[in-house]
Amino acid sequence: MLVLVLAIAVCGYILWKNGSLDSLTNLFPYGSESSSDSSSGSSSDSSSDSSSDSSSDSSADSSAPEIVTDELSIHFLELGNKYTGDCTLIKSGDTEILIDAGSRQSSAATIGAYLDEYCTDGVLEYVIATHADQDHIAGFVGTKSSGSYNGILYEYKVGTIIQFNLTNKSRTTASGNVSLYGNFCNAVEYAESQGTAVYTALECWNEANGASRSFEIADDITMNILYNVFYEEKSSDENNYSVCMLLTQGSNHYLFTGDLEEKGEEELVKNNELPQCRLFKAGHHGSPTSSNDVLLSVIRPEIVVVSCCCGSDEYTDNIENMFPSQAFVDRVAKYTDRVYVTTVVSDNEAGFEPMNGTVVITSDGGVPQVRCSNSDLVFRDTEWFRLHRQWPAAG
(Lines give C-alpha, C1' and ligand atoms only; values in the text may rest on other atoms or scores of the structure.)
Protein backbone atom coordinates (compact mmCIF):
# COMPACT_ATOMS: atom_id res chain seq x y z
CA MET A 1 0.00 0.00 0.00
CA LEU A 2 2.83 2.35 0.90
CA VAL A 3 4.56 1.56 -2.39
CA LEU A 4 1.36 2.45 -4.31
CA VAL A 5 1.01 5.82 -2.56
CA LEU A 6 4.65 6.66 -3.25
CA ALA A 7 4.23 5.73 -6.93
CA ILE A 8 1.20 8.02 -7.30
CA ALA A 9 3.06 10.87 -5.61
CA VAL A 10 6.04 10.51 -7.93
CA CYS A 11 3.82 10.45 -11.03
CA GLY A 12 1.99 13.54 -9.85
CA TYR A 13 5.27 15.38 -9.28
CA ILE A 14 6.49 14.52 -12.79
CA LEU A 15 3.21 15.72 -14.36
CA TRP A 16 3.36 18.98 -12.37
CA LYS A 17 6.94 19.63 -13.45
CA ASN A 18 5.94 19.14 -17.09
CA GLY A 19 2.93 21.48 -16.79
CA SER A 20 0.54 18.69 -17.67
CA LEU A 21 -1.78 19.47 -14.78
CA ASP A 22 -2.94 22.67 -16.52
CA SER A 23 -5.18 20.66 -18.79
CA LEU A 24 -6.74 18.95 -15.81
CA THR A 25 -7.65 22.26 -14.17
CA ASN A 26 -9.59 23.15 -17.28
CA LEU A 27 -11.82 20.18 -16.60
CA PHE A 28 -12.56 21.45 -13.08
CA PRO A 29 -12.28 25.26 -13.37
CA TYR A 30 -12.92 26.27 -9.75
CA GLY A 31 -11.01 29.49 -10.14
CA SER A 32 -12.66 30.34 -13.46
CA GLU A 33 -16.13 29.83 -11.92
CA SER A 34 -15.41 32.61 -9.46
CA SER A 35 -14.08 34.77 -12.27
CA SER A 36 -17.14 34.03 -14.35
CA ASP A 37 -19.44 35.03 -11.50
CA SER A 38 -17.63 38.32 -11.10
CA SER A 39 -17.71 39.04 -14.79
CA SER A 40 -21.33 37.99 -15.09
CA GLY A 41 -22.32 40.12 -12.11
CA SER A 42 -20.63 43.18 -13.57
CA SER A 43 -22.24 42.66 -16.93
CA SER A 44 -25.64 42.07 -15.35
CA ASP A 45 -25.39 45.24 -13.27
CA SER A 46 -24.51 47.27 -16.31
CA SER A 47 -27.33 45.75 -18.29
CA SER A 48 -29.74 46.29 -15.41
CA ASP A 49 -28.73 49.94 -15.06
CA SER A 50 -29.18 50.50 -18.76
CA SER A 51 -32.53 48.77 -18.72
CA SER A 52 -33.61 50.76 -15.66
CA ASP A 53 -32.62 54.04 -17.29
CA SER A 54 -34.50 53.11 -20.41
CA SER A 55 -37.57 52.14 -18.39
CA SER A 56 -37.37 55.38 -16.43
CA ASP A 57 -37.19 57.41 -19.64
CA SER A 58 -40.15 55.65 -21.16
CA SER A 59 -42.20 55.99 -17.98
CA ALA A 60 -41.84 59.75 -18.19
CA ASP A 61 -44.09 59.58 -21.25
CA SER A 62 -46.67 57.40 -19.54
CA SER A 63 -49.58 58.45 -17.37
CA ALA A 64 -48.79 55.55 -15.04
CA PRO A 65 -45.10 55.43 -14.02
CA GLU A 66 -44.08 51.83 -13.36
CA ILE A 67 -43.41 50.58 -9.86
CA VAL A 68 -40.17 48.61 -9.92
CA THR A 69 -39.12 47.16 -6.57
CA ASP A 70 -40.08 49.71 -3.93
CA GLU A 71 -42.12 48.64 -0.93
CA LEU A 72 -44.28 51.75 -0.95
CA SER A 73 -45.51 54.11 -3.65
CA ILE A 74 -47.66 57.23 -3.32
CA HIS A 75 -49.31 58.55 -6.48
CA PHE A 76 -50.77 62.04 -6.83
CA LEU A 77 -53.03 61.77 -9.86
CA GLU A 78 -53.87 64.12 -12.64
CA LEU A 79 -57.65 64.17 -12.92
CA GLY A 80 -58.36 64.67 -16.60
CA ASN A 81 -59.70 68.22 -16.58
CA LYS A 82 -58.88 71.85 -15.83
CA TYR A 83 -60.36 71.80 -12.33
CA THR A 84 -58.47 71.51 -9.07
CA GLY A 85 -59.04 68.39 -6.98
CA ASP A 86 -57.40 65.64 -4.94
CA CYS A 87 -56.87 61.97 -5.62
CA THR A 88 -54.01 60.00 -4.09
CA LEU A 89 -53.26 56.31 -4.50
CA ILE A 90 -51.02 54.60 -1.96
CA LYS A 91 -49.77 51.12 -2.78
CA SER A 92 -47.74 48.57 -0.86
CA GLY A 93 -47.66 45.03 -2.16
CA ASP A 94 -51.24 44.01 -2.89
CA THR A 95 -52.71 46.67 -0.62
CA GLU A 96 -54.13 49.89 -2.09
CA ILE A 97 -55.40 53.00 -0.30
CA LEU A 98 -57.29 55.68 -2.22
CA ILE A 99 -57.57 59.09 -0.62
CA ASP A 100 -60.29 61.22 -2.24
CA ALA A 101 -61.54 61.14 -5.82
CA GLY A 102 -61.85 64.64 -7.27
CA SER A 103 -62.26 66.80 -9.12
CA ARG A 104 -65.48 66.25 -11.08
CA GLN A 105 -67.80 63.29 -11.61
CA SER A 106 -66.23 62.80 -15.04
CA SER A 107 -62.88 62.25 -13.32
CA ALA A 108 -64.02 58.75 -12.35
CA ALA A 109 -63.05 57.41 -15.78
CA THR A 110 -59.57 58.96 -15.58
CA ILE A 111 -59.01 57.69 -12.05
CA GLY A 112 -60.32 54.25 -12.93
CA ALA A 113 -57.99 53.90 -15.91
CA TYR A 114 -55.04 54.73 -13.66
CA LEU A 115 -56.15 52.43 -10.86
CA ASP A 116 -56.45 49.53 -13.27
CA GLU A 117 -52.69 49.75 -13.86
CA TYR A 118 -52.01 49.06 -10.18
CA CYS A 119 -55.11 47.65 -8.50
CA THR A 120 -55.11 44.52 -10.62
CA ASP A 121 -57.42 42.50 -8.37
CA GLY A 122 -60.16 45.13 -8.44
CA VAL A 123 -60.05 45.56 -4.66
CA LEU A 124 -59.24 48.80 -2.85
CA GLU A 125 -58.44 47.75 0.69
CA TYR A 126 -59.00 51.27 2.06
CA VAL A 127 -60.75 54.40 0.81
CA ILE A 128 -60.55 57.71 2.67
CA ALA A 129 -63.01 60.49 1.88
CA THR A 130 -61.50 63.51 3.63
CA HIS A 131 -64.48 65.88 3.41
CA ALA A 132 -67.64 66.52 1.43
CA ASP A 133 -66.50 69.09 -1.15
CA GLN A 134 -66.98 68.24 -4.82
CA ASP A 135 -63.28 68.31 -5.67
CA HIS A 136 -62.72 65.43 -3.21
CA ILE A 137 -65.77 63.15 -3.59
CA ALA A 138 -67.20 63.59 -7.11
CA GLY A 139 -65.20 60.70 -8.59
CA PHE A 140 -66.54 58.32 -5.96
CA VAL A 141 -69.96 58.89 -7.53
CA GLY A 142 -69.01 59.17 -11.19
CA THR A 143 -71.33 59.89 -14.08
CA LYS A 144 -74.64 58.21 -14.78
CA SER A 145 -75.39 56.20 -17.89
CA SER A 146 -78.35 53.87 -18.48
CA GLY A 147 -79.39 54.31 -14.88
CA SER A 148 -76.02 53.33 -13.37
CA TYR A 149 -73.08 55.31 -12.01
CA ASN A 150 -69.47 54.53 -12.92
CA GLY A 151 -67.87 55.99 -9.78
CA ILE A 152 -65.04 54.37 -7.86
CA LEU A 153 -67.34 53.10 -5.10
CA TYR A 154 -69.43 51.32 -7.71
CA GLU A 155 -66.66 49.95 -9.91
CA TYR A 156 -64.30 48.56 -7.25
CA LYS A 157 -64.74 46.30 -4.29
CA VAL A 158 -63.75 48.27 -1.19
CA GLY A 159 -62.61 46.75 2.08
CA THR A 160 -62.94 49.75 4.40
CA ILE A 161 -64.16 53.32 3.94
CA ILE A 162 -62.99 55.98 6.40
CA GLN A 163 -64.92 59.21 6.01
CA PHE A 164 -65.44 62.62 7.60
CA ASN A 165 -67.66 62.72 10.66
CA LEU A 166 -69.29 66.12 10.11
CA THR A 167 -70.42 68.21 7.16
CA ASN A 168 -72.43 71.33 6.44
CA LYS A 169 -73.79 69.76 3.24
CA SER A 170 -77.33 68.54 2.64
CA ARG A 171 -78.35 65.37 0.82
CA THR A 172 -80.84 67.39 -1.24
CA THR A 173 -80.67 70.69 -3.09
CA ALA A 174 -82.92 73.66 -2.38
CA SER A 175 -85.19 72.45 -5.19
CA GLY A 176 -85.46 68.98 -3.65
CA ASN A 177 -83.13 67.12 -6.01
CA VAL A 178 -80.41 64.79 -4.77
CA SER A 179 -77.21 66.77 -4.25
CA LEU A 180 -73.72 65.52 -5.06
CA TYR A 181 -73.24 64.88 -1.36
CA GLY A 182 -76.48 62.91 -1.37
CA ASN A 183 -75.23 60.84 -4.28
CA PHE A 184 -71.96 60.27 -2.42
CA CYS A 185 -73.94 58.99 0.58
CA ASN A 186 -75.82 56.66 -1.77
CA ALA A 187 -72.52 55.38 -3.17
CA VAL A 188 -71.19 54.72 0.35
CA GLU A 189 -74.41 52.90 1.22
CA TYR A 190 -74.07 50.82 -1.93
CA ALA A 191 -70.51 49.86 -0.99
CA GLU A 192 -71.66 48.98 2.52
CA SER A 193 -74.35 46.72 1.06
CA GLN A 194 -71.58 44.89 -0.80
CA GLY A 195 -69.70 44.15 2.40
CA THR A 196 -67.57 47.29 2.86
CA ALA A 197 -66.88 48.33 6.45
CA VAL A 198 -67.69 52.04 6.88
CA TYR A 199 -66.25 54.15 9.70
CA THR A 200 -65.91 57.81 10.45
CA ALA A 201 -62.52 59.25 11.38
CA LEU A 202 -63.88 59.91 14.87
CA GLU A 203 -64.82 56.24 15.25
CA CYS A 204 -61.29 55.34 14.18
CA TRP A 205 -59.74 57.72 16.70
CA ASN A 206 -61.98 56.40 19.48
CA GLU A 207 -61.57 52.81 18.24
CA ALA A 208 -65.36 52.50 18.40
CA ASN A 209 -67.74 50.13 16.59
CA GLY A 210 -64.93 47.91 15.34
CA ALA A 211 -62.81 50.74 13.94
CA SER A 212 -59.07 51.13 14.55
CA ARG A 213 -56.88 54.16 15.02
CA SER A 214 -53.95 52.46 13.29
CA PHE A 215 -54.02 50.05 10.34
CA GLU A 216 -51.11 47.80 9.41
CA ILE A 217 -50.64 48.06 5.66
CA ALA A 218 -47.52 45.91 5.39
CA ASP A 219 -44.52 45.00 7.54
CA ASP A 220 -43.41 48.23 9.23
CA ILE A 221 -45.95 50.34 7.29
CA THR A 222 -48.95 51.75 9.17
CA MET A 223 -51.79 54.12 8.33
CA ASN A 224 -52.61 56.23 11.38
CA ILE A 225 -55.77 58.32 11.69
CA LEU A 226 -54.92 61.54 13.55
CA TYR A 227 -57.19 63.51 15.84
CA ASN A 228 -58.82 66.60 14.40
CA VAL A 229 -60.97 68.59 16.83
CA PHE A 230 -63.37 69.29 13.96
CA TYR A 231 -64.33 65.62 13.89
CA GLU A 232 -66.48 66.71 16.84
CA GLU A 233 -66.86 70.48 16.63
CA LYS A 234 -68.78 72.40 13.97
CA SER A 235 -66.92 74.73 11.63
CA SER A 236 -68.20 77.29 9.15
CA ASP A 237 -65.47 76.05 6.78
CA GLU A 238 -66.10 72.61 5.30
CA ASN A 239 -62.37 72.15 4.82
CA ASN A 240 -61.76 71.88 8.55
CA TYR A 241 -63.72 68.63 8.73
CA SER A 242 -60.95 66.91 6.76
CA VAL A 243 -59.78 63.46 7.80
CA CYS A 244 -56.08 63.69 8.66
CA MET A 245 -53.75 60.72 8.24
CA LEU A 246 -50.10 59.99 8.96
CA LEU A 247 -48.55 57.17 6.95
CA THR A 248 -45.47 55.69 8.62
CA GLN A 249 -42.89 53.49 6.94
CA GLY A 250 -40.13 52.69 9.40
CA SER A 251 -38.62 56.07 10.21
CA ASN A 252 -40.24 57.75 7.18
CA HIS A 253 -43.45 59.72 7.67
CA TYR A 254 -45.94 61.04 5.11
CA LEU A 255 -48.69 63.49 6.09
CA PHE A 256 -52.10 63.99 4.47
CA THR A 257 -54.44 66.67 5.84
CA GLY A 258 -57.02 67.11 3.08
CA ASP A 259 -58.03 70.78 2.90
CA LEU A 260 -57.45 71.56 6.57
CA GLU A 261 -57.25 75.31 7.20
CA GLU A 262 -55.18 77.31 9.70
CA LYS A 263 -57.39 76.76 12.75
CA GLY A 264 -57.54 73.06 11.98
CA GLU A 265 -53.76 72.93 11.59
CA GLU A 266 -53.30 74.64 14.96
CA GLU A 267 -55.51 72.03 16.61
CA LEU A 268 -53.81 69.19 14.73
CA VAL A 269 -50.43 70.22 16.12
CA LYS A 270 -51.87 70.70 19.60
CA ASN A 271 -53.55 67.30 19.77
CA ASN A 272 -51.07 65.00 18.01
CA GLU A 273 -47.38 64.16 18.33
CA LEU A 274 -46.36 64.96 14.77
CA PRO A 275 -42.91 63.88 13.52
CA GLN A 276 -40.72 65.44 10.87
CA CYS A 277 -42.15 64.31 7.53
CA ARG A 278 -40.48 63.17 4.35
CA LEU A 279 -43.62 64.14 2.41
CA PHE A 280 -46.50 66.53 2.91
CA LYS A 281 -49.47 66.76 0.59
CA ALA A 282 -49.98 70.51 0.56
CA GLY A 283 -53.09 71.50 2.45
CA HIS A 284 -55.99 72.86 0.38
CA HIS A 285 -54.10 72.71 -2.93
CA GLY A 286 -51.51 75.31 -1.90
CA SER A 287 -54.05 77.96 -0.93
CA PRO A 288 -53.01 81.09 1.04
CA THR A 289 -55.10 79.89 4.00
CA SER A 290 -53.49 76.47 4.50
CA SER A 291 -50.02 74.92 4.96
CA ASN A 292 -49.28 77.42 7.70
CA ASP A 293 -46.13 77.90 9.77
CA VAL A 294 -47.77 76.39 12.85
CA LEU A 295 -47.80 73.04 11.04
CA LEU A 296 -44.80 73.38 8.71
CA SER A 297 -42.45 74.31 11.56
CA VAL A 298 -43.25 70.98 13.25
CA ILE A 299 -43.26 68.59 10.28
CA ARG A 300 -40.46 70.35 8.32
CA PRO A 301 -41.32 68.54 5.06
CA GLU A 302 -38.65 67.46 2.58
CA ILE A 303 -41.06 66.98 -0.33
CA VAL A 304 -44.36 68.81 -0.90
CA VAL A 305 -46.86 67.84 -3.58
CA VAL A 306 -49.64 70.21 -4.65
CA SER A 307 -52.66 68.61 -6.29
CA CYS A 308 -54.18 71.45 -8.30
CA CYS A 309 -54.56 73.07 -11.69
CA CYS A 310 -51.86 75.69 -11.29
CA GLY A 311 -52.92 79.21 -12.25
CA SER A 312 -56.61 78.42 -12.56
CA ASP A 313 -59.07 81.24 -11.90
CA GLU A 314 -61.65 78.70 -10.69
CA TYR A 315 -61.69 80.23 -7.21
CA THR A 316 -60.15 83.68 -7.59
CA ASP A 317 -59.11 86.28 -10.16
CA ASN A 318 -56.23 87.40 -7.96
CA ILE A 319 -53.07 85.87 -9.44
CA GLU A 320 -51.33 86.01 -6.05
CA ASN A 321 -53.94 83.69 -4.54
CA MET A 322 -54.32 81.27 -7.43
CA PHE A 323 -53.10 77.80 -6.47
CA PRO A 324 -50.28 77.36 -5.53
CA SER A 325 -50.43 80.80 -3.94
CA GLN A 326 -47.54 83.16 -3.30
CA ALA A 327 -48.26 82.95 0.44
CA PHE A 328 -47.90 79.16 0.26
CA VAL A 329 -44.57 79.53 -1.56
CA ASP A 330 -43.29 82.02 1.02
CA ARG A 331 -44.04 79.64 3.87
CA VAL A 332 -42.90 76.34 2.40
CA ALA A 333 -39.64 77.82 1.06
CA LYS A 334 -38.27 77.90 4.62
CA TYR A 335 -38.14 74.12 4.59
CA THR A 336 -37.74 72.81 1.05
CA ASP A 337 -37.67 73.70 -2.63
CA ARG A 338 -38.79 70.20 -3.61
CA VAL A 339 -42.32 71.23 -4.50
CA TYR A 340 -44.21 69.45 -7.29
CA VAL A 341 -47.52 70.38 -8.94
CA THR A 342 -49.72 68.03 -10.96
CA THR A 343 -51.43 70.25 -13.56
CA VAL A 344 -51.25 73.78 -15.03
CA VAL A 345 -53.69 75.93 -17.00
CA SER A 346 -53.15 76.10 -20.74
CA ASP A 347 -54.51 77.95 -23.75
CA ASN A 348 -55.01 74.63 -25.53
CA GLU A 349 -58.49 73.31 -26.28
CA ALA A 350 -58.70 71.35 -23.02
CA GLY A 351 -57.68 74.35 -20.94
CA PHE A 352 -55.01 72.42 -19.03
CA GLU A 353 -51.86 70.37 -19.45
CA PRO A 354 -49.50 68.48 -17.15
CA MET A 355 -47.01 70.44 -15.10
CA ASN A 356 -45.25 67.57 -13.34
CA GLY A 357 -48.14 65.33 -14.29
CA THR A 358 -48.89 62.42 -12.02
CA VAL A 359 -46.32 62.59 -9.22
CA VAL A 360 -45.12 59.30 -7.75
CA ILE A 361 -43.10 59.01 -4.54
CA THR A 362 -41.45 55.64 -3.96
CA SER A 363 -39.48 54.28 -1.03
CA ASP A 364 -38.16 50.98 0.27
CA GLY A 365 -37.75 52.56 3.68
CA GLY A 366 -34.76 54.66 2.67
CA VAL A 367 -34.70 58.07 1.02
CA PRO A 368 -37.89 58.53 -1.03
CA GLN A 369 -37.53 59.02 -4.77
CA VAL A 370 -39.71 61.27 -6.95
CA ARG A 371 -40.77 60.38 -10.49
CA CYS A 372 -43.24 62.32 -12.58
CA SER A 373 -45.17 61.36 -15.69
CA ASN A 374 -44.42 64.64 -17.47
CA SER A 375 -41.51 66.62 -16.01
CA ASP A 376 -39.30 66.29 -12.95
CA LEU A 377 -38.73 70.05 -12.64
CA VAL A 378 -39.43 71.43 -9.18
CA PHE A 379 -42.07 74.16 -9.10
CA ARG A 380 -39.63 77.05 -8.70
CA ASP A 381 -37.86 76.05 -11.94
CA THR A 382 -40.98 76.03 -14.12
CA GLU A 383 -41.86 78.71 -16.66
CA TRP A 384 -45.16 79.43 -14.93
CA PHE A 385 -43.37 80.11 -11.66
CA ARG A 386 -40.86 82.39 -13.39
CA LEU A 387 -43.71 84.50 -14.74
CA HIS A 388 -46.04 84.57 -11.73
CA ARG A 389 -44.21 83.75 -8.50
CA GLN A 390 -41.12 84.78 -6.56
CA TRP A 391 -38.94 82.61 -4.40
CA PRO A 392 -38.23 84.43 -1.13
CA ALA A 393 -34.64 85.55 -0.66
CA ALA A 394 -34.36 83.69 2.64
CA GLY A 395 -35.69 80.46 1.12
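Strand 10 and strand 11 (residues 245–249) run antiparallel and are joined by 5 bridges. Strands here are DSSP runs of E with at least two residues, numbered from the N terminus. Two strands pair if DSSP finds at least two bridges between them. In this pairing, I221 stands opposite Q249 of strand 11. The model is predicted, so local features need pLDDT of at least 70 and side-chain atom pairs count only at pLDDT 80 or more, whereas totals for chains, interfaces and linings use all residues. Residues are numbered from 1 along each chain as its sequence is written, and side-chain values use heavy atoms, with hydrogens and water left out.

Strand 10 also pairs with strand 9 (residues 214–218). These two strands run antiparallel, with 4 bridges between them. A218 has I221 of strand 10 as its bridge partner. I221 thus recurs in both pairings, facing A218 and Q249. Strands 9 and 10 form a hairpin with 2 residues between them. In the turn, D220 has a positive phi of about 70 degrees. Strand 10 spans residues 221–225, and 4 of its 5 residues are buried, so the strand is largely enclosed by the rest of the structure. Buried means under 20% relative accessible area, exposed over 50% and partly exposed in between (1.4 Å probe, protein chains only).

Aromatic contacts were examined next. The count comes to 14 aromatic pairs. Rings of Phe, Tyr and Trp (its six-membered ring) pair if their centres lie within 6.5 Å; planes under 30 degrees apart are stacked, over 60 edge-to-face and the rest tilted. F76 and F256 form a stacked pair, 6.4 Å centre to centre with 25 degrees between the planes. This pair links distant parts of the chain. F76 lies in strand 1 (residues 72–76) and F256 in strand 12 (residues 252–256), 180 residues apart. Both F76 and F256 are buried. The pair of F379 and F385 is edge-to-face, because the ring centres are 5.1 Å apart and the planes stand at 85 degrees. F379 is buried at a relative accessible area of 2%, and F385 is buried at 4%. Ring pairs also link F140, F164, Y181 and F184 into a cluster.

Two arginines sit over rings. A charge sits over a ring if NZ of Lys or CZ of Arg is within 6 Å of the ring centre and within 35 degrees of the ring normal. The charged end of R104 is 3.9 Å from the ring centre of Y83. For R213 over W205, the distance is 3.6 Å.

The model holds 2 cavities of 30 Å³ or more. A cavity is a set of points, on a 1 Å grid over the protein atoms alone, where a 1.4 Å probe fits but cannot get out; lining residues have an atom within 4 Å of a point. Points are joined across faces, edges and corners, and a volume is the space filled by probe spheres set on them. The largest cavity encloses about 60 Å³. Its lining includes Y83, T84, C308 and C309. Strand 14 (303–310) and strand 15 (339–345) each give two or more residues to this lining. The lining divides into 5 nonpolar, 5 polar and 1 charged. Here Ala, Val, Leu, Ile, Met, Phe, Trp, Tyr, Cys and Pro count as nonpolar, Asp, Glu, Lys and Arg as charged, and the others, Gly among them, as polar. The second largest cavity has a volume of about 40 Å³. Among the residues lining the second largest cavity are T84, C309, Y315 and F323.

How values were computed: On a 1 Å grid over the protein atoms alone, a cavity is a set of points where a 1.4 Å probe fits but cannot get out, and a pocket is an open set with protein on both sides within 12 Å along at least five of seven lines; lining residues have an atom within 4 Å of a point.
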